[in-house]
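Got your viewer open? Load the model, keep the selection box handy, and we'll walk through it stop by stop.

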Amino acid sequence: MKAAVVGAGPVGCLAALNFAKEGWDVELYEGRPDIRIPCPEASGVQRSVNLVLSSRAIAAINSVDPAITHRLLSTAIPLKGRMIHGAEGSQSSYLYDDKDGQCIYSANRPLLNQAFLDEVFGAIVKGASIRVHFEHKLLRANFDAKLLTFATGTGNVDVSFDLCVGADGSHSTVRHQIMRVVKWVVFDCILIQFLPSISLSMEYEQKFIPTQYIELHMPARSTLDGQPAFVLDSNHLHVWPRHSFMLVAFPNRTFTCSIFAPEVELSKLKDRKYSLEFFRTHFAEVLPLIGEEHLLDALERNPRNSLITIKAKPYHYKGSVVLVGDSAHSMVPFIGQGLNCGLEDVRVLSTFFRARGIDPKEPFSPIDLETALKEYTDIRYADAVAICDLAMQNYEEMRHSVTTRSYVIRKIIDAALTSNVPFSKIAAELLNSKRPFPNTTQGWIPLYTMIAFRADIPYSVAKAKAQRQTRIIDIIAQAALGVGFFSIGFGGYLVSSWIPRLIG
């Protein structure tokens, strides 16, 4: 049985490795040249926000091979929290996990993509049934006949398959080809498509948010012995919140910075005089770290990038094709879960295949395959909608809420009530479970902990639980402010008496 994976980014590579492990013959197709080979013609700034790996990505990679996780994380930088830089120059550290000290990991996008490709070719050397085809751009697909047509440097080629996996990003050709087989109507920016003959509908929603971003670079400084050194604490995500806009800095080999602001504001930064005064006013401490001339050149040269949210349903067509990663759902980067969600797709899909007995080496019912794909669509669509919404919510928190007193109070209450399970136990449960998400989410768990460190909790469940907890925190915060803030006796009464009954 052949699985044709379209797209050789991190999600496509993990899908190829996973399907090969499960016994499929895998063909991996990529429209671009091999990015590991230097190309003098390739120039310019990549339109890319730095990538973050958290427990969901780690659990997904572990499900294929824990050794891959070890190799990938060895080059990433652990982040233990956010460093909030106030307008007056203050710095406040907020740990991601106050209780167990868990970290997320910052990774350079091109280097991480290359590392995933290295893992694919390493698996091939060890005997994995994977063949990789670069410079194969998908032109069209016939999912009923199970035939893909690619454009190559020497002409078009037709490829047959038993299952097509679309991992070709936000502007997915595979998704577009699924949409071609149905009729559609447009409601604002929402496409709703119908195929009456099989009672299949496909919904597609695409939204550009009014915020754009420009990438900047904060170079390393040299130590006395000539070695490069970070100019900021390398174990934090640095955020300069300024209410309607913000600057963030991620450590990788140096610091990758991005300024997020309304389009009308970014358009003003084309003027060098205005830009210099803007940064002196709002990001004075950043200016010497980037360098005035370097900053002004970058603002002139680097593109203004748009941010998009894509929601689609279903993620499959019959038993022929399935979408994973940004092909199925694309989200703004403010909660760092785009890649994590995509890699988790691969783990969840594999779980449903195993539960339905989909073994390419043994005969299986096409109905079971289509049922597994439908189950995957149902659970992942609900989760994708939830995490897309949470990503936008987190943008409001990062650029504004972190500057408020109520945010500090909420963090204190969250930390006081938190009960959690170490990731090592969660990872073991996931590897042995026949369900993609075995946890019952008992106890009080902060939203970010559920998103970043609890791979056993679906995004949709995390969102619903966080909403209930927020209502409780609102009650506590109002009561606490009424007594001049959290006295020991009052806080102890809340925690030990009625709070446990409310959270279940």
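What follows is a short tour of a predicted model, from the overall fold to a few single residues.

**Stop 1: the whole thing**

Start with a cartoon view of the full protein. You're looking at 17 helices and 24 strands. Of the 504 residues, 52% are buried. Now turn on contacts: among those with a separation of 6 or more, 69% are between residues 24 or more positions apart.

**Stop 2: helix H1 against helix H2**

Select residues 10–21, which are helix H1, and then residues 55–64, which are helix H2. The two pack at an angle of about 35°, and their axes are 9 Å apart. H1 passes H2 in a left-handed crossing.

Show side chains to see who meets whom. On the H1 side, pick Leu14, Leu17, Asn18 and Lys21; their partners in H2 are Ala60, Ile61, Ser63 and Val64. Sorted by class, the residues of this contact are 5 nonpolar, 2 polar and 1 charged.

Stay on H2 and colour by accessibility. How many of the residues of H2 are buried? The count is 10 of the 10, so H2 is largely enclosed by the rest of the structure. The buried set includes Arg56 and Asn62 as well as Ile58 and Val64.

**Stop 3: the cavity**

Next, look for enclosed space. Rolling a probe the size of a water molecule over the atoms shows where empty space is left. A search of the whole structure turns up 1 cavity of 30 Å³ or more, and its volume is about 60 Å³.

To frame it, select Asn18, Phe19, Glu22, Trp24, Leu349, Ser350, Phe353, Arg354 and Ile358, which line the cavity. You'll recognise Asn18 from the previous contact, where it was one of the H1 residues meeting H2. Which elements give two or more residues to this lining? They are H1 and helix H10, residues 338–355. H10 gives the most, with 4 residues. By class, the lining has 5 nonpolar, 2 polar and 2 charged residues.

**Stop 4: a pocket**

Switch to a surface view for the second largest pocket, with a volume of about 840 Å³. It has 31 lining residues, and to find the centre you can select Glu397, Tyr407, Asp414, Leu447 and Tyr448, the closest to it. Elements giving two or more residues here are strand S6 (91–95) and helices H11 (366–399), H12 (405–417), H14 (447–453) and H15 (459–482). The lining divides into 12 nonpolar, 9 polar and 10 charged residues.

**Stop 5: backbone oddities**

Finish with sticks on the backbone. Most residues other than glycine have a negative phi, and most peptide bonds are trans. Here are three places to check against that.

- Lys313 and Pro314: a cis peptide bond joins them, with omega about 5°. Pro314 is in the loop between strand S21 (305–313) and strand S22 (316–317).
- Glu135: phi is positive, near 55°. Find this residue in the loop between strand S8 (130–133) and strand S9 (137–142). With a relative accessible area of 48%, Glu135 is partly exposed.
- His243: phi is positive here too, near 70°. The loop to zoom in on runs between strand S18 (236–241) and strand S19 (246–251). His243 also counts as partly exposed, at 42% relative accessibility.

Technical notes: Residues numbered from 1 in each chain as written. Predicted model: local features only at pLDDT ≥ 70, side-chain atom pairs only at ≥ 80, totals over all residues. Heavy atoms only, no water. 1 Å grid on protein atoms, 1.4 Å probe; cavity = no way out; pocket = protein on both sides within 12 Å on 5 of 7 lines; lining within 4 Å. Points joined across faces, edges and corners; volume = space filled by probe spheres on them. Nonpolar A, V, L, I, M, F, W, Y, C, P; charged D, E, K, R; others polar. Axes fitted to C-alpha atoms, helices over the stretch in contact; angles between N-to-C directions. Left-handed = near helix turned anticlockwise from the far one by under 90°. Contact = heavy atoms within 4.5 Å. Buried < 20%, exposed > 50% of the residue type's maximum accessible area, 1.4 Å probe, protein only.
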